[in-house]
Protein chains: 2
Amino acid sequence: MMYPANPIEHLQRYGIKPSPQRIAVMDYLLSSRVHPTADEIYTALSPSMPTLSKTTVYNTLKLLVEQGAVLNLGIDDRNARYDGDTTPHAHFRCLKCGTVIDLYPHQVEGLELLNHKQLGNLRIAETRLYYMGYCEHCQNTANNTMHMD
Amino acid sequence: MMYPANPIEHLQRYGIKPSPQRIAVMDYLLSSRVHPTADEIYTALSPSMPTLSKTTVYNTLKLLVEQGAVLNLGIDDRNARYDGDTTPHAHFRCLKCGTVIDLYPHQVEGLELLNHKQLGNLRIAETRLYYMGYCEHCQNTANNTMHMD
DNA sequence: TTTAACTTTGTAACGATTACAAATATAGAA
DNA sequence: TTCTATATTTGTAATCGTTACAAAGTTAAA
């Protein structure tokens, strides 16, 4: 659903100087589509980048979000989850296992109607559509607990 | 936009035994439409209910959300914000002053199309639509900072 | 009343995130 | 190259919203 873009080009497109740490974080977000938390990113990158600090992951994510290169999804109460795909799409979170899944316009009837630039007196900069429910796996499983809710 | 329902009836409709503290929290959520944080609720109720504990506010909000009597809006990264109106509507948050505003179906074209019960293999229990941008006041003000973002 | 169940309360803990200042790396000028 | 200013990264300590826990208080039914 995404062309796994070059992380360096992606960073530069948003005016971010590509350091090794930033490239690693951006690359992970572009290739992994699991909408990881900061901690999950740190854990994933740490082995291949042993000097990486968790603060750097937080700093980098903050910068990426500020510059619009990455989305900070507000779909999970517990932690921030990040998405490297900035094209318009919605998200689903499973209330049982916590998995977050992308939903693209062709999968959600009515999605393309929502990108209002103005609503009454309000100037709109960003639109977020979240669905919560049960994924296929958790519908078919009596007991399943990864990270509950 | 809401009939400020009786808090006791509202609690009972959702199977919650109405204690004085629960009534106070529910009443505040039904009448104040500012989508308060737990702390704001505590601060607002504390003067007229001096023995109230902040833990009780958290406990009560947790119960109300679990029972579906109240919505925990995920629209604000910093704190949870609560909404006593459980009818389908969207929310807007101003990126400058932080105000959260209700958007009812007649104000948002396409909103009523989104209440899918099923999306592919996913069973949907809840839908959330958030808009972020600048409210009328903050569009017309050079410098305005309540709680920044 | 007595008793069991429920509710509230205050304190202490938790955990995600941020502040801060020192250490390191980078890039351009000399 | 070497120097120097600037940007970046790092580790530790702090912050702050929220939750755990256990004691105290309340309620309602027997």
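## Two matching chains and two DNA strands

Chain A can be laid onto chain B by a rotation of 180° with 0.0 Å of shift along the axis, and the RMSD is 0.0 Å. That is how a two-fold axis relates two copies. The same surface serves both copies, since 100% of the contact residues of chain A recur in chain B. Please keep in mind as you look around that this is a predicted model.

### Around the axis

Which residue of chain A comes closest to the rotation axis? It is A:Leu129, whose C-alpha lies at 2.3 Å.

Leu129 turns up again in the largest nonpolar core, which has 30 residues. A:Leu129, A:Tyr131, B:Leu129 and B:Tyr131 are the residues with the most contacts inside this core. Both chains help to build it: strand S3 (90–94) and strand S6 (122–134) of chain A, and strand S3 (90–94) and strand S6 (122–134) of chain B, each supply at least two of its residues.

You can take B:Leu129 as an example and look at what it touches, not counting residues up to four places away in sequence. From chain A, the list holds A:Leu114, A:Thr127, A:Arg128 and A:Leu129. From chain B, it holds B:Ala90, B:His91, B:Val108, B:Leu111 and B:Leu114.

### A buried histidine

Now find A:His89, in the loop between strand S2 (81–83) and S3 of chain A. Is A:His89 buried or exposed? Its relative accessibility is 11%, so A:His89 counts as buried. The side chain of A:His89 makes a polar contact with the side chain of A:Asp83 at 3.0 Å, and also one with the side chain of A:His91 at 3.0 Å. Leaving aside neighbours within four places in sequence, A:His89 is in contact with A:Asp83, A:Asp102, A:Leu103, A:Tyr104 and A:Leu111.

### Meeting the DNA

Let us begin with DNA strand D. There are 16 residues around DNA strand D, and A:Ser19, A:Gln21, A:Thr51, A:Thr56 and B:Tyr58 come nearest. Helix H2 (20–31) and helix H4 (54–66) of chain A, together with helix H4 (54–66) of chain B, each supply at least two residues of the surface near this strand. By class, that surface has three nonpolar, nine polar and four charged residues.

DNA strand C has 15 residues around it, of which A:Tyr58, B:Ser19, B:Gln21, B:Thr51 and B:Thr56 come nearest. Here H4 of chain A, along with helix H2 (20–31) and H4 of chain B, each supply at least two residues of the nearby surface. The largest share, three residues, comes from H4(B). Sorted by class, the surface near DNA strand C has three nonpolar, nine polar and three charged residues.

Which parts of the DNA lie within 4 Å of the protein? For DNA strand D, 76% of such atoms belong to sugar or phosphate and the rest to bases. For DNA strand C, 77% belong to sugar or phosphate, and again the rest are in bases.

The table lists some individual atom pairs.

| Residue | Part of the residue | DNA atom | Distance |
|---|---|---|---|
| A:Gln21 | side chain | phosphate oxygen, strand D | 2.8 Å |
| A:Ser53 | backbone | phosphate oxygen, strand D | 3.3 Å |
| A:Thr55 | side chain | base oxygen, strand D | 3.2 Å |
| B:Ser19 | side chain | phosphate oxygen, strand C | 2.3 Å |
| B:Ser53 | backbone | phosphate oxygen, strand C | 3.3 Å |
| B:Thr55 | side chain | base oxygen, strand C | 3.2 Å |

Conventions. Residues are numbered from 1 along each chain as its sequence is written. Chains are lettered from A and ligands numbered from 1 in the order in which they are written. This is a predicted model: local features need pLDDT of at least 70, side-chain atom pairs count only at pLDDT 80 or more; totals for chains, interfaces and linings use all residues. Side-chain values use heavy atoms; hydrogens and water are left out. A nonpolar core is a set of buried Ala, Val, Leu, Ile, Met, Phe, Trp, Tyr and Cys residues joined through side-chain atoms within 4.5 Å. Buried means under 20% relative accessible area, exposed over 50%, partly exposed in between (1.4 Å probe, protein chains only). Helices (H or I, at least four residues) and strands (E, at least two) are DSSP runs, numbered from the N terminus. Contact means heavy atoms within 4.5 Å. Copies are superposed by least squares on the C-alpha atoms of residues with pLDDT of at least 70 in both. A residue is near a molecule or strand if one of its heavy atoms lies within 4 Å of it. A polar contact is a pair of N or O atoms within 3.5 Å; within protein, one must be able to donate a hydrogen and the other to accept it, and residues adjacent in sequence count only if both atoms are side-chain atoms. Ala, Val, Leu, Ile, Met, Phe, Trp, Tyr, Cys and Pro count as nonpolar, Asp, Glu, Lys and Arg as charged, and the others, Gly among them, as polar.
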